[in-house]
Amino acid sequence: MGTMGLALPWKARISSVPRERGTRVEPSEHFVGGPNLAAEDAQSEDAALAAACRSGDLRAYERLYEIHGARMKNLARNLLGNPVDAEDAVQETFLKVHRSIAGFRGQSSFVTWTYRILINTCYDARRSRLRKKEVANEDSEESPGFEPRAPGAHPTLRMALERALAKLTQHQRDVFLLYEVEGFRHAEIAGMLEMTETASKNTLFQAKKSLRQMLEPPRGSAAEAR
Amino acid sequence: MNVTCSDRDRIFEDGTTGEWAALEVHAASCPVCKEEVRAWKSLSVAAKELRDYSESPSFWPRIERALAEEATKKAQRAGLRRWFSFLPEISLGWQTALAGALVLILTVSGGWILHRQRFVEPNPDDQSLLKSKALKEVESAETAYERAIDKLAAEAKPQLDNPATPLLANYHEKLLVLDSAIADLRAQAGLNPSNAQLRYQLLAMYQEKQRTLEEVLEARQR
Ligand SMILES: [Zn+2]
């Protein structure tokens with residue numbers, strides 16, 4: 001995809017890539033945020049992108065895709081379990097944004113709003129898949145059937161994590177994926193999932209506690225003996 | 001800052017940078033906390049296994065096409081809305097007369113098209129004949145329209161079965177005319193599937209029916 005060489009105000013950058021945390025030490029929240037100036041820049045870029053999309057400029061949608069497409073698709077794949085459904089969900093999200101942008105009043109950031117639509121679209125897709133499964137009288141437990149992907153990934157760890165994630169509550173899974181995988185901040189996640197920041201932090205804590213139990217039960221006495 | 005084992009979970013959930021640093025210091029001399037901190041951090045590392053931002057070059061063009069189609073539909077709807085926006089300004093009698101005239105025009109032109117089609121023999125050298133690939137495309141477009149129309153028709157059925165206004169009654173009549181024209185064209189297309197003109201007329205009829213149903217649904221929302 002070309003970059004179109006646009007001279008638009010939002011050309012600059014909108015928190016495009018996830019926070020790169022490497023072997024991040026918690027709590028990232030306290031390192032992020034930065035000066036108010038950067039936040040204001042991001043806000044005005046977000047508003048400019050929303051305005052350009054509202055005007056029907058397809059290049060604005062392309063810009064939205066350039067910045068967030070890969071992350072949207074990755075999130076959708078983790079929610080739906082396969083790349084085909086993920087691409088359908090992302091495309092549907094772009095169409096929904098296009099259809100309803102006139103009604104977007106900026107109560108949240110445009111990008112937050114877009115991700116909220118994506119997450120809802122993924123859950124709609126899961127529900128409709130579940131209904132089809134039920135009709136076909138197959139196993140009614142909805143857990144995404146995960147497909148192999150990036151060849152460099154550690155298959156055993158990834159599969160174990162995917163299986164464990166499928167056992168979390170919907171909110172726990174969403175928050176874990178948005179925070180730990182996609183690198184969003186709790187303030188952003190709160191906007192996407194319509195919860196408070198405190199609830200987002202608590203949900204992440206509960207999610208990680210459960211995952212820890214499932215993936216690596218505490219060694220208890222063994223650890224203490226060392 | 002003094003941190004003990006009992007502070008660990010609270011710091012995991014919402015600790016400040018300073019509290020995390022203090023927990024690390026404590027963990028250096030507490031095997032339980034050391035293990036817990038290691039396991040906690042390893043979850044963040046493991047989460048990276050779920051990241052795959054590889055490029056898929058054909059994905060944006062696919063979205064772009066869908067958006068362009070959507071934009072065209074939106075523009076068509078807006079155009080029609082403008083066209084019909086004068087309707088509320090004129091009297092009910094004139095609205096009925098106009099809708100009646102529209103039905104008449106559609107009936108006459110549909111009949112004329114069908115009449116002409118019946119006497120046109122397929123000519124093997126005719127450029128209007130569709131090649132098999134194009135035919136498949138046209139057929140899949142027709143299927144897509146049929147599906148979209150079926151959905152719309154189901155939504156609009158209550159309004160059309162019991163039309164609350166003369167305008168809705170007229171839409172109902174227009175749809176009946178369109179249905180009969182579509183049925184005739186489909187029968188013709190079945191006999192002569194590669195006649196391009198016939199298929200395009202059928203597509204135009206589908207488009208008209210879709211637009212009409214969308215207008216019925218919009219009329220309901222007003
Ligand atoms: Zn301790």
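Begin by selecting chain B of this predicted model. Read along the sequence, its secondary structure follows the pattern α-α-α-α-α-α-α-α, that is, eight helices and zero strands. Colour the chain by accessibility next: of its 222 residues, 37% count as buried. Contacts in chain B between residues at least 6 apart in sequence may then be displayed; 67% of them join residues at least 24 apart.

**The zinc ion**

Centre the view on the zinc ion and show the side chains around it. Which protein atoms serve as its donors? They are SG of Cys5(B), NE2 of His26(B), SG of Cys30(B) and SG of Cys33(B), at 2.0 to 2.4 Å from the ion. Along the sequence, these donor residues are spaced C-x20-H-x3-C-x2-C.

Angles between the donors may be inspected at this point. The four donor atoms subtend angles of 99 to 119° around the zinc ion, and the arrangement is therefore tetrahedral; for that description, all angles must lie between 85 and 135 degrees. Switch to a surface representation and select His26(B) and Cys30(B): both are buried.

**Ala97 of chain B**

Move now to helix α5 of chain B, residues 92–118, and select Ala97(B) within this helix. Is Ala97(B) buried or partly exposed? Its relative accessible area is 42%, so Ala97(B) counts as partly exposed. Add Asn170(B) to the selection and draw a distance between the two C-alpha atoms. The separation is 9.6 Å, although Ala97(B) and Asn170(B) are 73 residues apart along the chain.

**Chain A as a whole**

Hide chain B and display chain A. Nine helices and zero strands are found here, and the order along the sequence is α-α-α-α-α-α-α-α-α. Of the 226 residues of chain A, 48% count as buried. Among the contacts in chain A with a separation of 6 or more, 68% involve residues 24 or more positions apart.

**Helices α2 and α6 of chain A**

Select residues 58–80, helix α2(A), together with residues 170–181, helix α6(A). Two packed helices are described by the angle between their axes and the distance between the axes. In this pair the axes come within 11 Å and cross at roughly 145°. The crossing of α2(A) past α6(A) is right-handed.

Show the side chains where the two helices meet. On the α2(A) side are Asn74(A), Leu75(A), Asn78(A) and Leu79(A), while α6(A) contributes Asp174(A), Leu177(A), Leu178(A) and Val181(A). Sorted by class, this contact has five nonpolar, two polar and one charged residues.

**Helix α7 of chain A and the loop after it**

Continue to helix α7 of chain A, residues 186–193. How many of its eight residues are buried? Six are, and the helix is mostly covered. To see them, select His186(A), Glu188(A), Ile189(A), Ala190(A), Met192(A) and Leu193(A). Then display the elements that cover these buried residues, which include α4 (110–135), α6 and α8 of chain A.

The last stop is Glu194(A), in the loop between α7 and α8 (197–215) of chain A. Just after α7(A), this residue takes a positive phi of about 55°, and it is a residue other than glycine. Is Glu194(A) buried or exposed? Its relative accessibility is 63%, and Glu194(A) therefore counts as exposed, the cut-off being over 50%. Viewed together, the loop residue Glu194(A) is exposed, whereas Leu193(A) is among the buried residues of α7(A).

Note on methods:
Residues are numbered from 1 along each chain as its sequence is written. Chains are lettered from A and ligands numbered from 1 in the order in which they are written. This is a predicted model: local features need pLDDT of at least 70, side-chain atom pairs count only at pLDDT 80 or more; totals for chains, interfaces and linings use all residues. Side-chain values use heavy atoms; hydrogens and water are left out. Axes are lines fitted to C-alpha atoms, for helices over the stretch in contact, and angles run from 0 to 180 degrees between N-to-C directions. Helices (H or I, at least four residues) and strands (E, at least two) are DSSP runs, numbered from the N terminus. A crossing is left-handed if the near helix is turned anticlockwise from the far one by less than a right angle, and right-handed if clockwise. Contact means heavy atoms within 4.5 Å. Ala, Val, Leu, Ile, Met, Phe, Trp, Tyr, Cys and Pro count as nonpolar, Asp, Glu, Lys and Arg as charged, and the others, Gly among them, as polar. Donors are N, O and S atoms within 2.8 Å of the metal (3.2 Å for Na, K and Ca); water is not among the atoms, so sites may look incomplete. Four donors count as tetrahedral if all angles lie between 85 and 135 degrees; four count as square planar and six as octahedral if opposite donors are over 155 degrees apart and all others between 65 and 115; anything else is irregular. Buried means under 20% relative accessible area, exposed over 50%, partly exposed in between (1.4 Å probe, protein chains only).
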